[in-house]
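User: Let's go through this model term by term. I'd like the cut-offs as we go, so I can see what each label rests on.

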Amino acid sequence: MLFNSFTYMLFLPAVVVLYWVMPNRFRTTLLLVASYLFYMNWKPAYGLLIFALTLVNYAIGLSLEKFAAKKKAILIGGLIFNLGCLCFFKYANFLLESLFSSLKGLSVLVSHAPADSWTSPALKIILPLGISFFTFEFIHYIVDVYRGSAAVKNFRDFALFAAFFPSQIAGPIKRFQDFTHQLLEKPVFRGENFREGMFLILQGLFKKIVLGDNMGYVVNTGFNHASRMGLVDTWIAVAGFTFQIFFDFSGYTDIGRGSALLLGYKVPENFNWPFLAANLTDFWRRWHISLSTWLRDYLFIPLGGSRVSAQRARFNTMLTMVLGGLWHGAAWHYVIWGAFHGTGLVLSKEWTDFASRHPVLSKLRPHPIWHWSGVALTMLFLFMAGILFRAETIPQALTIAHKLVIPAAGGEVTTMFLNSTLPVSLSLYLLYLAAKTLIERARQPQIHTAVSLARRYFENSIGTQVVVYTGVAFVILGFAPLHVAPFIYFQF
Amino acid sequence: MQTATRIEKEKAGTATGSVKPRQPWWKPVGETVLAMAATVFLLESFFNFAGIGQQEFFEPDPLLGARHIPSKQVTWRMEGLSRDSFNSFGMRDYERTLAKPQDTVRVAVLGDSGAEGLQVPLKNTFPIVVQDMLNEEAKKRGLQKRFEVMNFGCAGYSMLQEILQYETLAAKFSPDIVVLFYNRMDATESIIDGSMRSIADPKPFCYLSPEGEVKLDTAILEARADELKPNAVLDWLRRNSRLYGVVNQTLFSLSINDKHFVKWKHMFEKGAKVRKVAPATYPAQNEDQVAAKLLERLNNDVKSKGGRLIVMMFPNLIDYPDLTRQQKLFSGMAEAQGFGYLDLSDPVKNYKRKEELLIEYHFSTKGHKLIADLLKPYLQ
């Protein structure tokens, strides 16, 4: 079920109302049933797969506690099981195709056999939605239990942790300690949670539908007709993709977090103004936070992190990022994207160390120009990385990168961008961000008094709340493109 | 006594901060109504500024099924972009007078969305471009003669509707030349299969009588007459409200995107009303025979009014068999019956960067310019 679908707009209120009118003892069960309905709406059979994965990991967790002497073997078995499932569903065809291409190339080269005599060995596998996220949550669970956290005893609670619909398909990747802790507390309906939840859902829908989906049309036109793009077109398409993926993914997270809040649950934040990052290390602290912290805790640090020799630390960074790239998708351009980010992180760290030691550069570092140059360069790096992420093939990525610097006639993408609702909706969004920031940072007490008065009025007037939510929903619907697009991160 | 107790309780509550003072009932109601009015006003103004919710441009018509809303401002974004108003006759055109000005050659363009050209600004549609070109040339040559190329194109119209549009509206403007911009499916959409009658859109269809005459089939229009009746509130909203436009746009988007919505809609419609359409009293129709007869009828009508007909064929870019058949049929008829015939297929196919001529399915500004260039010699 898509968060931006008509079905979800009926499903969510129904679940929320049932949840709060139901006695507390039935609520977890209700959420569990709702979460499986949510998942099985896409492919009912795969609900069983998620259930089986949940069951096995639940058993692994209990076994880790019960058989302390063999816990290392159990952990290794658990990791092999989880990664094996992920590899089968996500990477089997990628590995087979890569092997097949290499053998085919070798055969043509050695025996001059006709290339078309080889048939592709691809298996008919449909990637289960969200399997990368499920797997990472399970790995986190068994590793943490291995490290000493208490295993979840109640199967229903564990199943809900795995299947919780607001974060089921594309995260944020939850930590079971935070989640099960919330399950133990008796949920109480709070007005502020409800208002914040509604606000997050509407903000997420605005980001996803109004900005991300409309941007997607422009970006797709550019990337699908790369050879026809001019210089300005290429810059719009490339920058557009970076923003599209942000609006798409952070929109998804907002809707998920908002939906969870309507049920009284808190799901971790995944983004923190990532485009204000002054370097790549800073960027990964602000972008897809739940993934980057997972990679840090369960891959980078176990590899030795940065408390090893400089050479080894560089290798750890590269390996973490390459695997992070591969986690996104089974294709070489994702691997290259990861390697590109790894190289960027290594260079960024070297540069920061060098600048802090250099007598002149170290004096320039506190200057705002230094900071904003870093922001601009990081942005430029992200645009380049975005090409690798979005392009379907390496030659297509190279064509687009080439077009970023070679002046050429075009105009199709530029016209499309200017003809779309994006100039208005982006201005509206920037205006909203500016107003929000100004209010938060305002020093004048009058502004704070006015804001708190308005807030109090809004909190006390349910009628006004309904009218305002409906009004914002109308803005979203008004700017919505004709065709609904799925979330980009659903494919991972 | 009771009132005094309540006031005391309220006072006590306020002092301790535990009980909120009770509001009179009209206060929250009034606040909500005010908030609603302010939100509607703000949204309508903002949508008007941003060009949102202005893609609603049809109103029901008892004969044609649907027609453009006169003077309606339309912002079209589904493919390309345009922000213009229809004229007071509901044409995608500048304002025109019914009476033909002196020394003016009038051209009426009939067609569907291809002629209507909502994908580009009005000034870039081929009728306006060719009109400007002809007037420029006449001016250069010092002629008194002026040209008015009027656009009667309307999205979704079938060949029958285009001809009825000529008979009921375009002919009143006394055109000297009539251009029928024939698009693929225009003939197919003029006839109806027996099995589709209960779910067809409310519009006129036609058939050939045993004597070979074109007869109107208005059974579907009659069966759905209640939908075509004027409705003061809906008509006002359609003409003036962008919020209404957003609602309709959303319902349309859901109907093409969401299978669950479609299922629910069908269930609701089935439960609401079962339409009974009179069964067809004629055998299954051949679209080519009907198209030929319709074209003959239009040509005779135009000729009888002292005008000249030109049939302009939409480019057959991927050699659709039906359009290829109709190309042959119409070019043969043009020769035999003496009307003009212009096929856009070859010029478009041979255009150096032909992808620039179309946006998705419709002509871009460059496409309209090419049509104008090709049409110009036929109008001089």
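Analyst: Let's start with the element names: helices (H or I, at least four residues) and strands (E, at least two) are DSSP runs, numbered from the N terminus. With that in hand, Gly142(B) comes just after H4(B), and takes a positive phi of about 70 degrees. This is a predicted model: local features need pLDDT of at least 70, side-chain atom pairs count only at pLDDT 80 or more, and totals for chains, interfaces and linings use all residues. Residues count from 1 along each chain as its sequence is written, while chains are lettered from A and ligands numbered from 1 in the order in which they are written.

User: What makes the length of H4(B) close to the one expected?

Analyst: The expected span is 1.5 Å times one less than the number of residues. H4(B) has 15 residues, for which 21 Å is expected, and its first and last C-alpha atoms are 21 Å apart.

User: Which residues of H4(B) are buried, and what do they pack against?

Analyst: Buried takes 20 or more other C-beta atoms (placed from the backbone) within 10 Å of a residue's own; exposed takes 12 or fewer, and partly exposed is in between. In H4(B), Phe126(B), Pro127(B), Ile128(B), Val129(B), Val130(B), Gln131(B) and Leu134(B) are buried. They pack against S5, S6 and helix H14 (365-379) of chain B.

User: Why is Glu211(B) called exposed?

Analyst: Glu211(B) has 6 other C-beta atoms within 10 Å, so it falls in the exposed class. Glu211(B) sits in the loop between strand S8 (205-208) and strand S9 (214-217) of chain B.

User: How do you know which strands of chain B stand at the edges of the open sheet?

Analyst: Two strands pair if DSSP finds at least two bridges between them. The open sheet has 5 strands, paired in parallel in the order S6-S5-S7-S10-S11 (chain B). S6 (146-151) and S11 (340-343) of chain B each have a single partner strand, so one side of each lacks a neighbour in the sheet and they are the edges. From one strand to the next, the twist averages 20 degrees.

User: What makes S10(B) and S11(B) a pair?

Analyst: Strand S10 (residues 308-313) and S11 of chain B share 4 bridges in the parallel sense, and the pairing cut-off is therefore met. Met312(B), for one, has Leu342(B) in S11(B) as its bridge partner.

User: And which way do S1(B) and S2(B) pair?

Analyst: Antiparallel: strand S1 (residues 58-61) and strand S2 (residues 65-68) of chain B have 4 bridges. Pro60(B) stands opposite Ala66(B) in S2(B), and a hairpin of 3 residues joins S1(B) to S2(B).

User: How many residues count as the contact of chain A with chain B?

Analyst: Residues are in contact if their C-beta atoms, placed from the backbone, lie within 7 Å. The contact takes 19 residues from chain A and 24 residues from chain B. On the chain A side, helix H1 (6-21) and helix H20 (462-479) are the elements giving two or more residues. H20(A) has the largest share, 8 residues.

User: How far apart are the centres of domain 1 and domain 2 of chain A?

Analyst: Domain bounds come from an automatic or database domain assignment, which gives domain 1 (6-187) and domain 2 (194-418) in chain A. Their centres, taken over C-alpha atoms, are 25 Å apart. In chain A, 22 residues of domain 1 are in contact with 20 residues of domain 2.

Notes
Contact = placed C-beta atoms within 7 Å. Axes fitted to C-alpha atoms, helices over the stretch in contact; angles between N-to-C directions.
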